[in-house]
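The following exercises are intended for a reader meeting this structure for the first time. Each task is followed by a solution that proceeds step by step.

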Amino acid sequence: MPEQVIRQTEKNRDNEQKPMQGLLADAPLRAILVSVETVETDWPVDESLDELEQLASTAGVQCVDRMVQRMEHPHPSTLLGSGKVQELAELLRFHDCDAVIFDLELRPNQHRNLERELEIQVLDRTALILIIFGQRARTREGRLQVELAQVEYDLPRLTRQWSHLSRQSGGGTNQRGEGEKQIEVDRRLLRRQKDQLEEELDQVRSQRQLHRERRKYAGAPVVALVGYTNAGKSTMLNRLAGSQTLAEDKLFATLDPTTRRVRLAGGQEILFSDTVGFVQRLPTTLVAAFRATLEEVAEADLLVHVVDASHPHVQHQIEAVEQVLEEIGGGGLPMVLALNKADLLPTDHQLELTGIAATLPKVEVSAMKGTGVEDLLRCISETLVEQFTALDVLIPYDRGELVAQFHQYGTIEVEEYEEGGTHIRGHVPQNHSGPFHAFERVVQEKKVRPSRRAKQELAEQEASQPEESIVS
Ligand SMILES: Nc1nc2c(ncn2[C@@H]2O[C@H](COP(=O)(O)OP(=O)(O)OP(=O)(O)O)[C@@H](O)[C@H]2O)c(=O)[nH]1
Ligand SMILES: [Mg+2]
């Protein structure tokens with residue numbers, strides 16, 4: 001079995017350093033991009049190909065040509081019509097390419113047939129994104145997730161056409177029979193690998209779940225930065241936290257969630273977490289693979305949807321993000337729109353947004369220049385407070401740690417020192433409100449207010465007064 005199909009699954013491997021292995025591990029050098037335009041195409045083909053070219057260049061692939069076939073329905077077994085497949089084969093030879101990249105998700109049989117006919121590495125959008133993810137994932141969980149997605153992608157597609165039977169050899173009947181046997185062996189190995197990867201992932205995830213639980217009950221509110229890839233999420237996190245998270249003009253610069261603690265002007269602490277960027281038609285395999293990571297997003301207290309307001313298809317990108325959020329169960333979370341890259345917009349520019357985006361609180365901002373960041377933080381704080389529990393408490397002076405907690409996690413509208421302790425009126429996240437309920441002002445007031453029985457006695461007394469006066 002050739003090296004590229006073997007993936008390492010030993011438990012003690014060093015995930016931080018080793019390069020990914022597998023069918024998708026080696027990005028090709030030169031490729032032609034291909035798309036099909038049908039009646040159902042909802043995204044202009046050229047623009048989608050532009051994005052694909054950007055994805056390819058992120059993966060280190062040079063795109064030397066493009067080909068588009070317009071047809072009513074894609075061909076079920078080869079996607080393109082047979083004449084077009086021949087044309088493509090010639091073009092690939094002419095440009096001396098080592099791959100062709102389709103701007104669609106190819107079905108496994110289409111994938112196999114195309115590889116057989118073209119005798120070259122065939123990739124689709126999913127494969128390309130998997131390659132990029134493989135190059136970029138850094139944490140153990142991130143790498144395991146990508147490897148598992150790669151194995152799942154490879155399994156139904158196993159073919160030895162381009163890797164095994166070289167173009168020159170011609171591939172006789174005997175050789176083909178050998179190839180078939182080899183595919184069976186590879187498939188068994190991949191299945192075993194898949195089981196091992198799933199087992200390892202389970203372990204890593206249960207550990208992370210513990211961390212998350214602990215953070216949830218002990219920590220500050222979590223604000224997740226979400227958005228289309230390259231919108232500026234990492235730059236925003238750097239700006240907000242003064243930290244140095246990797247920000248690059250590349251798609252999918254961030255694959256592993258990074259969290260930073262930020263203290264607002266009022267003393268309140270917030271955890272900001274940066275996440276993997278979304279992309280239109282984020283392959284379902286990947287949404288599944290990154291579900292665990294994305295679930296963190298779904299558990300955030302607030303989402304800041306970072307938008308590249310200067311992008312010509314900003315509305316389209318917003319909707320693609322909303323769709324993924326919906327899929328991972330984060331659709332109903334409170335959200336603020338950060339209209340980023342405002343520095344690139346003409347001064348009189350008015351962004352016309354429609355749908356859900358039009359109804360959300362929004363702030364124009366430039367993560368790069370720093371303008372609007374204060375407004376964004378204010379907007380975040382105000383929107384968070386709407387989710388908090390309102391409290392009016394009198395904290396005894398010997399419970400100073402609770403006053404400190406209120407400052408750390410909550411927002412304060414009134415703070416004054418009274419005889420019985422510190423009087424605070426404000427809001428704290430629900431998970432922090434527990435210890436304060438015992439000191440709620442209303443409870444205190446109830447104590448000095450007459451009890452129901454006392455009131456009743458008073459009323460009876462008053463009722464008897466006039467009678468007495470009559471008697472007297
Ligand atoms: N002009 C301008 N460029 C910005 C701004 N914010 C970010 N950028 C640039 O946009 C590019 C992408 O920024 P990142 O912060 O890496 O974007 P991201 O959303 O984290 O991207 P992924 O991690 O790939 O999903 C970088 O070249 C940034 O310098 C901004 O406010 N104005
Ligand atoms: Mg990033």
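**Exercise 1. Confidence**

Among the elements of the protein chain, which helix has the lowest mean pLDDT, and which strand has the highest?

*Solution.* The model is a predicted one. Among the elements of the protein chain, helix H16 (residues 452-471) has the lowest mean pLDDT, 51. The highest, 96, belongs to strand S9 (residues 335-340). Next, consider stretches of the chain. Over residues 1-23 the pLDDT is below 50, and this stretch has 37 contacts beyond near neighbours in sequence. Over residues 443-455 the pLDDT is likewise below 50, but here three contacts are found beyond near neighbours in sequence. Where pLDDT is low, the predicted coordinates should not be read in detail. For the protein chain, the mean pLDDT is 79, and 76% of the residues reach 70 or more. For the complex, the predictor gives an ipTM of 0.99 and a pTM of 0.69.

**Exercise 2. A parallel sheet and its helices**

State the order of the four strands in the open sheet with parallel pairing, and determine which strands stand at the edges.

*Solution.* Step one is the order: the four strands run S2-S1-S3-S4, with parallel pairing. Step two concerns the edges. Strand S2 (62-70) and strand S4 (121-124) each have a single partner strand, so one side of each lacks a neighbour in the sheet. From one strand to the next, the twist averages 25°.

Step three adds the helices. Helix H2 (residues 82-94) packs on this sheet and touches strand S1 (30-37), S2 and S3; the direction of H2 makes about 165° with that of S2. Helix H4 (residues 125-136) also packs on the sheet, where H4 touches S3 and S4; the angle between the directions of H4 and S4 is about 90°.

Step four looks at one strand pair. Strand S3 (residues 99-102) and S4 run parallel and are joined by four bridges. Val 122 in S4 is the bridge partner of Val 100.

**Exercise 3. Buried or exposed?**

Decide whether Ser 82 and Ser 234 are buried or exposed.

*Solution.* Begin by placing each residue: Ser 82 lies in helix H2, while Ser 234 lies in helix H7 (residues 233-241). Then count neighbours. Ser 82 has 11 C-beta neighbours inside 10 Å and therefore counts as exposed, the cut-off being 12 or fewer. Ser 234 has 24 other C-beta atoms within 10 Å and is therefore buried, the cut-off being 20 or more. An unreviewed UniProt entry places the feature "binding site" at Ser 234 and Thr 254.

One further distance concerns Ser 82: its C-alpha atom is separated by 9.7 Å from that of Glu 117, 35 residues apart along the chain.

**Exercise 4. Helix H3**

Which residues of helix H3 are buried, and what covers them?

*Solution.* In helix H3 (residues 108-118), the buried residues are Gln 110, His 111, Asn 113, Leu 114, Glu 115 and Leu 118. Their cover includes H2, S3 and S4. After H3 comes Glu 119, with a positive phi near 55°. A positive phi is also found just after H2, where Asp 96 takes about 55°.

**Exercise 5. Strand S7 and its partners**

Which side chains of strand S7 point to the buried face, and which point to the other?

*Solution.* The side chains alternate along strand S7 (residues 269-274). Ile 270, Phe 272 and Asp 274 point to one face and are buried; Glu 269, Leu 271 and Ser 273 point to the other and are not.

The partners follow. Strand S5 (residues 222-227) pairs with S7 in the parallel sense over four bridges, and Ala 224 stands opposite Ser 273. Strand S6 (residues 258-263) pairs with S7 in the antiparallel sense over six bridges, with Ile 270 as the bridge partner of Val 262. S6 and S7 form a hairpin with five residues between them. In the turn, Gly 267 has a positive phi of about 100°.

Methods: Residues numbered from 1 in each chain as written. Chains lettered and ligands numbered in written order. Predicted model: local features only at pLDDT ≥ 70, side-chain atom pairs only at ≥ 80, totals over all residues. Pairing = 2+ DSSP bridges. Helix = DSSP H or I, 4+ residues; strand = E, 2+ residues; numbered from the N terminus. Axes fitted to C-alpha atoms, helices over the stretch in contact; angles between N-to-C directions. Contact = placed C-beta atoms within 7 Å. UniProt positions renumbered as here; feature names shortened; annotations may be inferred. pLDDT = per-residue confidence, 0-100.
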